[in-house]
Amino acid sequence: MKLLFKQRLFSWFDSYDIYDEAGNTVYTVQGRLSWGHRLEIYDARGEHLGTVKEEVLTFLPRFALYQGGRRIGEIKKEFTFFKPVFTLDCRGWRVQGDFFEWNYQVADGAGTTVMSAHKELLNWTDTYVISVGRPEDALLSLMIVLAIDAVKCSQGN
């Protein structure tokens, strides 16, 4: 399953539309006013599915991931000098890849790739392609991409 993640061109807060391979809207993401980033995820019918919320009183960026109001994990940026590193605490998954080039993968505990993301260049707005192995992993995969995008954009990368 592939998802196309496009930021809206004129948006006061972070706002994204997420499409499937046929161009149908699968998710809508709306930024909300709060301390730190807060992104609410809705399905095509407008039903709330999840939240990516920055925890603000931390030394390095950290995002809590919520599905249906229940905290399911977190992703945080680690302290490094040269290469960005993110730690994911959810389902035993881990994030790896080249964050400078906006290309990375998420693998499960056995090392199997659960999802991959890459940024398409030469678009008016941020555009990513998210390849997800199983449809039931799509929402969590989207949350991970949103959190990493928020960290990278706030740091000017």
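Biologist: What percentage of the 157 residues in the protein chain is made up of buried residues?

Modeller: Buried means under 20% relative accessible area, exposed over 50%, and partly exposed in between, with a 1.4 Å probe and protein chains only; in this chain, buried residues make up 42% of the 157 residues. This is a predicted model, in which local features need pLDDT of at least 70 and side-chain atom pairs count only at pLDDT 80 or more, while totals for chains, interfaces and linings use all residues. Residues are numbered from 1 along each chain as its sequence is written, and side-chain values use heavy atoms, with hydrogens and water left out.

Biologist: Which secondary structure does the protein chain hold?

Modeller: Helices (H or I, at least four residues) and strands (E, at least two) are DSSP runs, numbered from the N terminus. Here the chain has one helix and 12 strands, and the sequence pattern is β-β-β-β-β-β-β-β-β-β-β-β-α.

Biologist: How many salt bridges does the structure hold, and which residues are linked in a network?

Modeller: A salt bridge is a side-chain nitrogen of Lys or Arg within 4 Å of a carboxyl oxygen of Asp or Glu. The structure holds nine, and E55, R62, R71 and E74 are linked in a network of them. Within that network, the side chains of E55 and R71 meet at 2.8 Å, N to O; E55 lies in the loop between β5 (48-54) and β6 (62-67) and R71 in strand β7, so this pair ties together parts that are 16 residues apart in sequence. The side chains of R62 and E74 meet in a salt bridge at 4.0 Å, N to O, and that pair links R62 in strand β6 with E74 in strand β7, 12 residues apart. E74 is buried because its relative accessible area is 11%, whereas R62, at 25%, counts as partly exposed.

Biologist: What is the sign of phi in R91, and which residue forms a salt bridge with R91?

Modeller: Most residues other than glycine have a negative phi. Phi of R91 is near 60 degrees, a positive value, and R91 is found in the loop between β8 and β9 (94-98). D137 forms a salt bridge with R91, the closest N and O atoms being 2.8 Å apart; D137 lies in the loop between β12 (127-132) and α1 (138-154), so the pair ties together parts that are 46 residues apart in sequence. D137 is buried, with a relative accessible area of 3%, while R91 is partly exposed at 47%.
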